[in-house]
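Take a moment to turn the structure around on your screen. We'll look at a spot on the surface and then at a helix with a buried side.

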Amino acid sequence: MIDTGQLWALLRLRWTLVRSPGRRRTFAVTLMCLPGLVAAVYVCAATLSAGQGGIEVRVLLPTLLAAFAIFSFATPLIAGGGAALFPPEDLVAFPVRSDTFAWMALLLTPLNITWIMQVVAIVGATGYAVAGTGRELSILPSLLLWLALWTVLGSALAWLVVGVRQRRVGRIATWLVGAAVAGATLGLALANAVVPFLDSLPTTRVAARMILVPGRQWAELVVLVALTLVVALAVLPRCTRWAMSRVRDAAGGSHVHRRLAAAPTTWSLVRKDCLAAWRTAPLRRGAITLTLLPVVLAAFSDVSWVGLVLVPALVAAGAVLLYGINAFCLDAGGTVWLATLPVDPRRVLWAKALSLTLVTAGPALLAVAVGAFAIAAAPTAVELTAVLGAAAAGVLVSVARGLRLSVTRPYKADLLGPRDTPAPPGAMALYSLDLAGRGILTALWFTVTLLGGVWYGPLIGFIPVALLTAASLSGTARRWSDPAVRARVVTAVAYG
């Protein structure tokens with residue numbers, strides 16, 4: 001049973017902590033626009049004349065449903081059970097039930113940009129596939145039930161794995177299972193058996209019943225999904241309660257070698273930030289996920305060079321969300337001490353920019369490399385320059401935006417627990433939309449440069465992006481040079 005008293009009290013407290021009226025209005029408008037966006041995408045897609053394209057989308061729809069089920073489990077697992085309204089240490093003194101943590105994480109799921117993009121893609125594909133069949137209104141409820149079911153099931157399974165990983169044996173077992181899944185995925189890709197495997201998944205039969213088989217079988221499917229959803233909602237708090245009742249065993253310590261004192265250089269500051277990012281559990285998990293994601297997408301999708309232009313900018317936006325929108329949070333409580341060191345403030349800022357660029361460029365370039373390996377056809381000169389230009393521009397745009405937000409809107413975030421984020425959930429949702437929008441616009445800009453058909457077109461298109469990025473970084477550096485701005489950032493990061 002849901003304890004609405006605790007849940008709504010915590011939600012009201014988080015809303016109260018958003019002190020800026022402008023941020024409140026923006027967040028409220030965003031929340032209200034999400035259902036409208038889903039409905040608008042479905043209506044627009046359902047009014048199109050599908051024809052032959054509808055058949056192709058029907059073939060693709062089971063793959064989209066299977067991908068949604070996988071990501072519904074992987075996303076909360078990476079976050080240690082799901083996003084949190086407050087850092088766990090802030091609620092230690094209060095009798096918050098484990099069930100409340102489960103419902104909070106579930107309510108915050110729609111604020112995840114990956115979840116939103118998948119829902120919009122599936123709803124749009126389904127609307128396009130059923131266009132002209134006369135069943136447009138009856139399909140949407142069953143589809144939403146299916147998406148809700150896998151969102152709840154994914155959260156429950158993630159909590160179970162979190163509980164298993166509280167013991168050393170469980171952690172070893174999950175790593176072995178993960179390696180086996182990765183090996184099986186690679187084997188399917190090398191054996192060209194991806195399509196037969198996708199055809200054998202239960203999602204194929206579900207999609208067929210939702211779209212192709214009206215009448216009794218469709219009604220049976222809706223009833224079955226609804227009953228399973230009720231069971232999943234009852235199981236979710238029990239999984240959370242079991243996971244949070246298990247005490248984590250000793251994970252072992254690490255040996256820290258003392259180094260000779262030396263004057264801090266730019267590269268020593270970069271090294272410090274990169275090591276801090278890797279030692280932080282949520283950042284490490286996010287980096288590993290962003291590294292493996294292009295491999296999985298390449299194995300289960302047919303990518304072209306034009307489609308590859310869209311990938312690196314979006315991957316770079318996701319990498320900046322790991323900590324780049326609040327880059328100084330890596331220093332945590334040591335921010336005050338670091339601010340007293342005799343180091344040029346601009347050197348500190350450029351060190352943050354370099355470390356963030358390294359963390360962002362790695363997954364973006366890997367996405368390009370994996371995508372290029374998966375494409376059978378050799379690229380033309382213009383396609384190659386467009387892909388590389390989109391990757392470089394995506395990294396620059398995301399890093400520049402992350403540094404600007406780090407200086408103008410700092411937050412206190414110690415990132416000690418696996419569910420900690422560098423900013424509050426509402427801010428993370430808005431930043432996700434912001435960075436994803438910039439990434440999409442950057443990718444579309446380089447897609448436009450392909451229309452000229454000349455190899456230097458993307459290079460010319462890169463020039464305005466580089467100039468705008470340089471202007472943004474220069475403005476951020478000027479703000480950071482102001483002692484009052486630096487004091488505000490240090491105070492916010494260290495004390496909140």
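Here is a short tour of a surface patch and one helix. Keep in mind that this is a predicted model.

**The surface patch**

Let's begin on the outside. Met117, Leu310, Ile440, Leu441 and Leu444 make up a nonpolar patch on the surface, and together they have about 430 Å² of accessible area. Which helix gives the largest share? That's helix H18, residues 425-448, with three residues of the patch.

Two members of the patch are worth a look side by side:

| Residue | Helix | Relative accessible area |
|---|---|---|
| Ile440 | H18 | 36% |
| Met117 | H5 (residues 113-129) | 39% |

So are they buried or exposed? Because partly exposed covers the range between under 20% (buried) and over 50% (exposed), Ile440 at 36% counts as partly exposed, and Met117 at 39% is partly exposed too.

Met117 also shows how folding brings distant parts of a chain together: Met117 and Ala436 are 319 residues apart in sequence, yet their C-alpha atoms are 9.9 Å apart in space.

**Helix H20**

Now find helix H20, residues 483-495. Its 13 residues reach 18 Å from the first C-alpha to the last, close to the 18 Å expected at 1.5 Å a residue. At the start of H20, a side-chain oxygen of Asp482 comes to within 3.1 Å of the backbone nitrogen of Ala484.

Which residues of H20 are buried? They are Val485, Val489, Val490, Ala492, Val493 and Ala494. The buried residues of H20 pack against three helices: H15 (335-339), H17 (381-408) and H19 (457-481).

Definitions and conventions
Residues numbered from 1 in each chain as written. Predicted model: local features only at pLDDT ≥ 70, side-chain atom pairs only at ≥ 80, totals over all residues. Heavy atoms only, no water. Patch = residues over 30% accessible without salt bridge, like charges linked within 9 Å, V, L, I, M, F, W, Y side chains within 5 Å. Areas by Shrake-Rupley, 256 points an atom, 1.4 Å probe, with all protein chains shown as cover. Salt bridge = Lys/Arg side-chain N within 4 Å of Asp/Glu carboxyl O. Helix = DSSP H or I, 4+ residues; strand = E, 2+ residues; numbered from the N terminus. Buried < 20%, exposed > 50% of the residue type's maximum accessible area, 1.4 Å probe, protein only. Expected span 1.5 Å × (residues − 1). Contact = heavy atoms within 4.5 Å. Polar contact = N/O pair within 3.5 Å; in protein donor to acceptor, adjacent residues only side chain to side chain.
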